[in-house]
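Welcome! Here is a short guided tour for someone meeting this structure for the first time. Please keep the view open as you read.

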Amino acid sequence: MLTLIAYDLKSPDKDYKPLYDAIKGLGDKWWHYMDSLWLVHTNLSPDECSHRLQEEIDKNDFLLVVDITNRQRQGWLPSKAWEWIKTNNN
C-alpha cells in the first residue's frame, strides 16, 4: 500500500533523525521530496505506522498518516515524483 505521512514538528532544535529513520523503516521504499511529507510503500496499516512513529515525536508535534493507494491525486510536483508514485502505487 502507498502511505502518505505528513507532520508538523514543533521543536526546531530537536534531532528528529530517529523519526526519519523510523519512517524509512516502515516499508521497502520511500520518497521524501517535500520537507514535512513522505510517501512510503508499506504493508502496515496507517494505524500501525502511526503507532510506531508516535514513539519518535513530541506530544506537541502533529502527525498525519493516510493510505493513498489507488486514490485520485493531483498537484504540482516534478515529473520524477509522479513517476515514483505511479511505480509504487500497489
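## The nonpolar cores

How many residues does the largest nonpolar core have, and which of them have the most contacts inside it? There are 13 residues in this core, and those with the most contacts inside it are Ile5, Leu19, Ile23 and Leu26. Please keep in mind that this is a predicted model. The elements that give two or more residues to the core are two strands, S1 (2-8) and S3 (37-41), and two helices, H1 (17-24) and H2 (46-54). A second, separate core has 11 residues, including Leu2, Ala6, Leu37 and Leu39. In soluble globular proteins, nonpolar side chains tend to be buried together.

Ile5 is a good residue to click on. Leaving aside its neighbours within four places in sequence, Ile5 is in contact with Ile23, Leu26, Ser36, Leu37, Trp38, Val40, Leu53, Leu63, Leu64 and Val65.

## The sheet

Now turn to the strands. Four of them make an open sheet in the order S2-S3-S1-S4, and their pairing is antiparallel. At the edges are strand S2 (29-34) and strand S4 (62-67), each of which pairs on one side only. From one strand to the next, the twist averages 20°. Helix H3 (residues 79-87) packs on this sheet and touches S1, S2 and S3, and its direction makes about 155° with that of S2.

You can follow the pairings one by one. S2 and S3 form a hairpin with two residues between them, and they pair in the antiparallel sense over four bridges. Within this pair, Met34 stands opposite Leu37, while Trp30 has Val40 as its bridge partner. S1 and S3 are also antiparallel, with five bridges between them, and here Leu2 stands opposite His41. On the way to the other edge, six bridges join S1 to S4, again antiparallel, and Tyr7 stands opposite Leu63 in S4.

## A covered strand

Is S3 mostly covered or mostly open? S3 is mostly covered, as five of its five residues are buried. The cover is on both faces: Leu37, Leu39 and His41 are buried on one side, and Trp38 and Val40 are buried on the other.

## Three residues to compare

Is Thr3 buried or exposed? Thr3 lies in strand S1. Its relative accessible area is 0%, so Thr3 counts as buried, the limit for that label being under 20%. Not counting residues up to four places away in sequence, Thr3 touches Trp38, Leu39, Val40, Thr42, Leu44, Val65, Val66, Asp67 and Ile68.

Asn88 sits in the segment after H3. With a relative accessible area of 2%, Asn88 is buried. The residues Asn88 touches, not counting those up to four places away in sequence, are Leu2, Lys29 and His41. Ser45 is found in the loop between S3 and H2. Why does Ser45 count as partly exposed? Ser45 counts as partly exposed because its relative accessibility is 24%, and that label covers values between 20% and 50%. Ser45 and Leu4 are 41 residues apart in sequence, and their C-alpha atoms are 11 Å apart in space.

## The largest pocket

Last comes the largest pocket, with a volume of about 200 Å³. Its lining is made up of 15 residues, and those nearest its centre are Leu4, Arg73, Leu77, Trp82 and Ile85. Which elements each supply at least two residues of the lining? They are S2, S3 and H3.

Note on methods:
Residues numbered from 1 in each chain as written. Predicted model: local features only at pLDDT ≥ 70, side-chain atom pairs only at ≥ 80, totals over all residues. Heavy atoms only, no water. Core = buried A, V, L, I, M, F, W, Y, C linked by side-chain atoms within 4.5 Å. Buried < 20%, exposed > 50% of the residue type's maximum accessible area, 1.4 Å probe, protein only. Contact = heavy atoms within 4.5 Å. Pairing = 2+ DSSP bridges. Axes fitted to C-alpha atoms, helices over the stretch in contact; angles between N-to-C directions. 1 Å grid on protein atoms, 1.4 Å probe; cavity = no way out; pocket = protein on both sides within 12 Å on 5 of 7 lines; lining within 4 Å. Points joined across faces, edges and corners; volume = space filled by probe spheres on them.
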